[in-house]
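Please look over the sequence and the structure shown here before reading the report, and keep both in view while following it.

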Amino acid sequence: MDELDLMAKNARSDPKIFEELVHKQHKFLIHCAYQATHRYISQAEDEWSETLIAFHDAVQSYDSSKGPFAPYAKLIITRRLVDYYVVRNQLLLQKRLKKSS
């Protein structure tokens with residue numbers, strides 16, 4: 001278990017460690033969001049909030065016996081952002097359909 005895996009495990013029960021983990025992994029989070037969305041995500045966008053929520057979910061559900069934390073967190077972030085775009089696009093389509101009828 002490397003330092004990141006251990007820190008993620010400890011961050012599950014300690015909000016201060018979680019904040020430190022987010023700070024240390026900021027570039028990783030930006031990179032994951034970029035790979036999922038194919039564009040730079042600023043901290044003022046909804047996608048950044050979704051990324052942080054997904055990262056928190058990854059920390060809370062991480063099981064070190066199943067592998068390293070980073071690939072797991074990346075998977076959770078990617079899935080969360082894909083779901084976000086699916087729901088957002090469905091809502092936009094519904095609004096357009098209501099306007100056209």
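The report begins with the whole chain and then turns to particular residues.

## Overall picture

This is a predicted model, and the protein in it has five helices and zero strands, so that reading along the sequence gives the pattern α-α-α-α-α. Taken along the principal axes, the C-alpha atoms of the protein fill a box of roughly 55 × 25 × 25 Å.

Of the 101 residues, 32% count as buried, while the protein exposes about 6800 Å², of which carbon and sulfur atoms supply 56%. Among the contacts with a separation of 6 or more, 53% are accounted for by residues 24 or more positions apart. As for charge, the protein has 15 positive and 13 negative charges, and the mean positions of the two groups are 8 Å apart.

## The aromatic cluster

The count of aromatic pairs in the protein comes to five. In one of these, the rings of Phe-55 and Phe-69 have their centres 5.7 Å apart and their planes at 70 degrees, and because an angle over 60 degrees counts as edge-to-face, the pair is given that name. This pair links distant parts of the chain, since Phe-55 belongs to helix α4 (residues 46-61) and Phe-69 to helix α5 (residues 69-100), with their positions 14 residues apart in the sense that they are 14 residues apart.

Phe-55 has a relative accessible area of 0% and is therefore buried, and Phe-69, also with a relative accessible area of 0%, is buried as well. Phe-69 forms an edge-to-face pair with Tyr-62 too, at 5.2 Å centre to centre and with 80 degrees between the planes; Tyr-62 is likewise buried. One aromatic cluster is formed by Phe-18, Phe-55, Tyr-62, Phe-69 and Tyr-72.

## The two faces of helix α2

Phe-18, a member of the aromatic cluster, is also one of the buried residues of helix α2 (residues 15-24), which are Phe-18, Leu-21 and Val-22. These residues cover an arc of only 100 degrees around the axis, which means that they lie on the same side of α2. An α-helix has 3.6 residues a turn, so residues three or four places apart point the same way.

The buried residues of α2 pack against α1 (3-11), α3 (26-37) and α4. On the face of α2 turned away from this buried side are the exposed residues Lys-16, Glu-19 and His-23.

## Two buried residues with distant partners

Thr-51 lies in helix α4 and, at 0% relative accessibility, counts as buried. Leaving aside neighbours within four places in sequence, Thr-51 is in contact with Leu-29, Ala-33, Ile-77 and Leu-81. Of these partners, Ile-77 is 26 residues from Thr-51 along the chain, yet the C-alpha atoms of the two are separated by 5.6 Å.

Tyr-85 has its place in helix α5, and its relative accessibility is 17%, which is under the 20% cut-off, so Tyr-85 counts as buried. Not counting residues up to four places away in sequence, Tyr-85 touches Thr-37, Arg-39 and Glu-47. Tyr-85 and Thr-37 are 48 residues apart in sequence, whereas their C-alpha atoms are 9.0 Å apart in space.

Note on methods:
Residues are numbered from 1 along each chain as its sequence is written. This is a predicted model: local features need pLDDT of at least 70, side-chain atom pairs count only at pLDDT 80 or more; totals for chains, interfaces and linings use all residues. Side-chain values use heavy atoms; hydrogens and water are left out. Helices (H or I, at least four residues) and strands (E, at least two) are DSSP runs, numbered from the N terminus. Buried means under 20% relative accessible area, exposed over 50%, partly exposed in between (1.4 Å probe, protein chains only). Contact means heavy atoms within 4.5 Å. Accessible areas come from the Shrake-Rupley method with a 1.4 Å probe; for residues, only the protein chains shown count as cover. Lys and Arg count as positive and Asp and Glu as negative; His and the chain ends are not counted. The place of a charge is taken as NZ of Lys, CZ of Arg, CG of Asp or CD of Glu. Rings of Phe, Tyr and Trp (its six-membered ring) pair if their centres lie within 6.5 Å; planes under 30 degrees apart count as stacked, over 60 as edge-to-face and the rest as tilted. The arc is that of the directions from the helix axis to the C-beta atoms.
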